[in-house]
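Colleague: Please give me a close look at a single part of this model. I would like the core strand region and its surroundings, in short sentences.

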Amino acid sequence: MTETPLIRLEAVSKSFAGVRALSGVSFSIEAGEAVCLAGENGSGKSTLIKILAGVEKPDRGQVVVDGESFAALDPRNSVARGIQVIFQDFSLFPNLTVAENIAFSAELTSGHRLVNRRRVRALAQDVLKRIAVEIPLDARVETLAVADKQLVAIARALALDARLVIMDEPTTALTEREVQSLLAIIRRLKAAGVAVLFVSHKLAEVFEVCEKIVVIRNGEVVSDKPASEFDLDSLAYHMTGRHFSASVARPFDPEAPALLEVEGLGRDGALDDIGFALRPGEVLGIAGLLGSGRTALAKALFGLLPVDRGEIRLDGAAVALASPLDAIAAGIGYVPEDRLTEGLFLSQSIARNISIGRLDAFSGPLGWLDRAGLTAEADDWLERLSVAAPNSEVPVKSLSGGNQQRVVLARWLAGGPRILVLNGPTVGVDIGSKADIHDIIADLAARRLGVIVISDDLPELIACCHRILVMKGGRIVEEIAGGSIDAGELAARLAS
């Protein structure tokens with residue numbers, strides 16, 4: 001540890017239109033140190049990252065870099081002092097090659113007037129070697145898997161001699177194996193003297209790589225101490241001010257007639273001989289690595305993916321699910337993994353997002369919509385699901401990730417489904433919203449809905465589900481009773 005921290009924030013405050021985002025935030029980051037910035041959505045984390053990146057200017061306070069104080073950084077200043085931010089969308093050029101993406105910013109700042117492809121490749125190759133990663137230099141980024149895109153973004157930061165790499169939710173879209181590879185790279189960065197500011201809702205990962213945890217709540221630092229002085233429960237309490245009880249699947253009748261039966265379901269290249277039953281009040285988990293067929297199964301149950309063979313039965317009667325309209329008519333709802341591109345109309349109001357599947361129920365004989373009725377129903381769901389919004393007329397894009405997920409749930413629940421398929425129900429949401437969504441799932445099961453949960457979050461599956469089906473290569477290879485296995489053993493079975 002050096003005597004002078006690499007970065008020090010001193011009493012940084014920021015407000016937007018009179019609303020306080022940060023208030024007197026102070027903490028430091030040493031060279032080669034990994035610091036977790038923890039907090040719920042809306043706590044001020046994003047504003048703080050933008051101040052370090054020079055995108056936002058603080059109203060008060062100082063940013064100190066290597067002992068030099070700044071009232072505010074600008075983006076050029078921030079990069080010149082070795083601060084690099086890897087955002088959730090990676091901000092890569094999809095039509096350029098791996099080498100071109102890695103070297104792009106370095107070439108811009110080098111002063112070279114002409115691009116030398118040999119120099120570009122050499123720089124990219126050298127940086128990838130530093131983090132012990134092999135990715136084809138000539139591959140277009142648009143063809144890469146999400147994990148490889150993230151590695152390209154990290155390599156681009158190192159090509160600019162990054163001294164502090166800020167990672168904003170870096171593991172959201174990664175499988176367990178890819179997460180472990182990323183954590184190994186973070187350890188290499190630390191060993192090379194590069195500091196990391198790590199922002200993640202997956203708290204278990206924090207303890208694997210971070211020496212210190214800074215917790216922000218309502219724009220203020222409420223805790224700044226070594227990671228060894230926290231555990232999951234105390235960290236969750238500092239983030240939210242709430243104590244959470246462990247989520248446990250509630251009892252259901254395993255002898256009740258099946259609500260949904262799937263037999264011999266198949267599609268060439270995607271699904272092979274899928275069979276299972278789902279009973280009223282049961283929460284059924286689906287676990288599998290990327291490409292295992294879990295999302296293909298979800299889409300087949302919602303009529304998004306035609307199947308070649310097999311049968312789906314509801315209450316014992318065979319049904320053909322050739323389209324989402326067929327699935328909806330049968331009482332099946334589907335919350336997709338990517339709510340931003342597949343689940344919501346971001347620029348539209350909460351009320352319109354909730355009511356989009358209910359227009360027929362509120363239209364008169366001449367086709368006139370009962371807008372007051374639609375709004376009243378939307379407001380009712382906001383209250384029932386505790387959506388934090390001033391009213392149902394604000395656009396969905398103004399909400400946090402957890403509240404957006406509740407709006408998607410409200411849309412399907414308003415239609416009165418009997419079966420709900422949830423693909424990644426808590427991806428990208430904070431610890432408080434995650435606990436609330438788990439409670440919602442338990443409540444739905446208590447109302448005798450059949451719920452299918454697909455998730456990379458293995459502790460989530462173990463806690464919420466009565467049974468877990470393990471998928472590999474488009475097949476169900478194992479059935480595990482919920483609560484009978486720990487996350488480490490389940491991860492090992494998925495990877496074997």
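Modeller: I will start with one strand, then move to its partners, a neighbouring cysteine and some salt bridges.

This is a predicted model, where local features need pLDDT of at least 70, side-chain atom pairs count only at pLDDT 80 or more, and totals for chains, interfaces and linings use all residues. Residues are numbered from 1 along each chain as its sequence is written, and side-chain values use heavy atoms, with hydrogens and water left out.

Take strand 18, residues 450-454. Helices (H or I, at least four residues) and strands (E, at least two) are DSSP runs, numbered from the N terminus. Strand 18 is mostly covered, with 5 of its 5 residues buried. Buried means under 20% relative accessible area, exposed means over 50%, and partly exposed lies in between (1.4 Å probe, protein chains only). Which residues of strand 18 point one way, and which the other? Gly450, Ile452 and Ile454 point one way, while Val451 and Val453 point the other way. In a regular strand the side chains alternate between the two faces of the sheet.

Now the partners. Two strands pair if DSSP finds at least two bridges between them. Strand 13 (residues 283-287) pairs with strand 18 in the parallel sense, over 4 bridges. Strand 17 (residues 419-423) also pairs with strand 18 in the parallel sense, over 5 bridges. Look at valine 451 in strand 18: valine 283 stands opposite valine 451, and valine 451 is also the bridge partner of leucine 420.

How does the chain get from strand 17 to strand 18? Strand 17, helix 15 (residues 431-446) and strand 18 make a right-handed β-α-β unit. Right-handed means that, with the strands pointing away from the viewer, the path from the first strand over the helix to the second runs clockwise.

Next, cysteine 465. This residue is found in the loop between helix 16 (458-464) and strand 19 (467-472). Cysteine 465 is buried, at a relative accessible area of 2%. Leaving out residues up to four places away in sequence, cysteine 465 touches Ala249, Val283, Leu284, Gly285, Val453 and Gly482. Contact here means heavy atoms within 4.5 Å. The C-alpha atoms of cysteine 465 and threonine 295 are separated by 18 Å, with their positions 170 residues apart along the chain.

Then the charges. A salt bridge is a side-chain nitrogen of Lys or Arg within 4 Å of a carboxyl oxygen of Asp or Glu. The whole structure holds 30 of these salt bridges. One of them joins the side chains of aspartate 456 and arginine 294, at 2.6 Å, N to O. Aspartate 456 lies in the loop between strand 18 and helix 16, and arginine 294 in helix 9 (residues 294-301), so the pair ties together parts that are 162 residues apart in sequence. Aspartate 456 is partly exposed at 23% relative accessibility, whereas arginine 294 is buried at 6%. Elsewhere, salt bridges that share partners join Glu261, Glu263, Glu311 and Arg313 into one network.

Another pair is lysine 212 and aspartate 224, whose closest N and O atoms are 3.9 Å apart. Lysine 212 sits in strand 9 (residues 212-217) and aspartate 224 in strand 10 (residues 220-226), 12 residues apart. Lysine 212 counts as buried at 12% relative accessibility, and aspartate 224 as partly exposed at 35%.
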